[in-house]
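Student: I should like to go through this model and ask, for each term applied to it, what justifies the term. May we begin once the structure is on display?

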Amino acid sequence: MDFGWHRSLCCRAKLCLWTGFLCAGTSLLLAQAFSEGSPAAHLQRPIGARSLGLAGAYTAIANEPSGLFANPASTAWLPVRPAFGVSLSVLGLGRTHSSFAYAQSVGWNFAIGAAIHSFSAGNFVARTSRGTSLGTYTPQNITLSLGSAFRWEFFSVGLTGKYLWSGLAGSGLSGQGVAADLGALFRAAELFSIGATVQNLGGFLSWGERREGIPATFTLGIATEIGIAPPLRRERIPATGEERTTWLPSPQYVLLSTEVRYTQGLARPTVLLAAEIAPLGGIALRGGTTLFGDELGQARWFTLQRLGGGLAVQLPHTLQLPIYLQADYAISYEYSSPTRLAHTVSLTAQLAP
């Protein structure tokens, strides 16, 4: 398992009820600094500790199963062994965002992936117009994703189909819908990476006879990775006896990523900037911010709309446990949290050969 965008996971590191529902839904939307005030606004949130630690500037550098949420084309670069990722975000006021993802290549430059993520807005008490309690309910949003990707030498494309469910758990009130994500990823050797996606294409939620459209989000990201003293490997070519020198991916590096995002209905796009540094093999530090964006309808530089940081540690591999493990943690800005902070933990597992 390894960190940088050019690396695969398998590389071993050194180290009234309706009124109440609508009010809860409104609170859910206002609680999201990234929300566009639209149905299924939780789909605008980054998923996974690495993505959140980079403030969501992840389209061009996704390299683990949860990358399916950011760019479905990224799964084509994973090894031909199953990889799994789980994450949990604690957002304050009883709200949580959790996910599980699986992805792997299956040969012939083809990859598959599946995922589920859930956004819970906490509990609230529904009451009649006279204040009589109708019970305690939990607004819940669940998304099931199924994706595939195909890769050529330096380029990959991917597609993810999503089934959406949103409702009040236990009340019988719910809506269903679908959406699709399209993605592309271009990697120029070890020089740079470019990613592009259209998320929630054709998305909608149906509530009985009423249908609400989900705005699509367009992203374009570019990243570069700078190795710090990359190691050399010298070997002789058997046929000629000549010595050949190969530069290996450095376990110490600096990764820079920038991304432009635009969601339908907004007045202006958001520009993100992020960096990740691995000062030691098996340890990485990261941070990201909104360079430019919309804040309360006004154009602002360095807004708090997306702001995050975090770290990752690759856990030691043992022969008794035939998997490589990586633990990630992120702290990010959360508008409605009493502390203005959200905490996310993720665990990624790659089956060993």
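Student: Where is Arg340 found?
Tutor: Arg340 lies in the loop between S18 and S19. The model is predicted, so local features need pLDDT of at least 70 and side-chain atom pairs count only at pLDDT 80 or more, whereas totals for chains, interfaces and linings use all residues. Residues are numbered from 1 along each chain as its sequence is written, and side-chain values use heavy atoms, with hydrogens and water left out.

Student: What makes a stretch of chain a strand or a helix here?
Tutor: Both are DSSP runs numbered from the N terminus: helices are H or I with at least four residues, and strands are E with at least two. By that rule, the protein has three helices and 19 strands.

Student: Why is Arg340 called partly exposed?
Tutor: Buried means under 20% relative accessible area, exposed means over 50%, and partly exposed lies in between (1.4 Å probe, protein chains only). Arg340 has 40% relative accessibility, and therefore counts as partly exposed.

Student: What is the phi of Arg340?
Tutor: Phi of Arg340 is near 65°, a positive value in a residue other than glycine. Most residues other than glycine have a negative phi. Asn200, also not a glycine, has a positive phi of about 65°.

Student: Is Asn200 buried or exposed, and what decides the matter?
Tutor: Its relative accessible area is 1%, which means that Asn200 is buried. Asn200 is found in strand S8 (residues 192–207). Across the whole protein, buried residues make up 52% of the 353 residues.

Student: How do you know that S8 and S10 pair?
Tutor: Two strands pair if DSSP finds at least two bridges between them. S8 and strand S10 (residues 217–227) have seven bridges, in the antiparallel sense, and therefore satisfy the rule. Ile194 stands opposite Ile222 in S10.

Student: What justifies calling S10 and S13 paired?
Tutor: They pair in the antiparallel sense over 11 bridges, and the rule is therefore met here also. In this pairing Thr219 stands opposite Arg261 in S13.

Student: Why is the contact of Arg261 and Glu259 called a salt bridge?
Tutor: The term requires a side-chain nitrogen of Lys or Arg within 4 Å of a carboxyl oxygen of Asp or Glu. The closest N and O atoms of Arg261 and Glu259 are 3.3 Å apart, so the pair qualifies. Both residues are buried.

Student: What makes Glu334 and Arg45 a salt bridge?
Tutor: Their side chains meet at 2.9 Å, N to O, and so satisfy the limit. This pair links distant parts of the chain, 289 residues apart: Glu334 is in the loop between strand S18 (323–333) and strand S19 (341–351), and Arg45 is in the loop between helix H1 (17–30) and helix H2 (49–53). Glu334 and Arg45 are buried.

Student: How do you know that Arg286 and Asp328 form a salt bridge?
Tutor: The closest N and O atoms are 2.8 Å apart, and the criterion is therefore fulfilled. The partners are 42 residues apart, Arg286 in strand S15 (residues 283–295) and Asp328 in strand S18.

Student: Why do Arg286 and Asp328 count as buried?
Tutor: Arg286 has 6% relative accessibility and is therefore buried; Asp328, at 6%, is buried as well. Salt bridges that share partners join Arg50, Glu276, Arg286 and Asp328 into one network. A search of the whole structure finds eight salt bridges.

Student: What makes a group of residues a nonpolar core?
Tutor: A nonpolar core is a set of buried Ala, Val, Leu, Ile, Met, Phe, Trp, Tyr and Cys residues joined through side-chain atoms within 4.5 Å. The largest such core has 15 residues, and those touching the most other members are Leu54, Tyr58, Ile61, Ala223, Tyr253, Leu255 and Ala284. Strand S13 (253–263) and strand S14 (270–280) each supply at least two residues of this core, and S14 gives the largest share, three residues. Apart from it lies another core of seven residues, among them Leu164, Ala179, Trp207 and Ile214.
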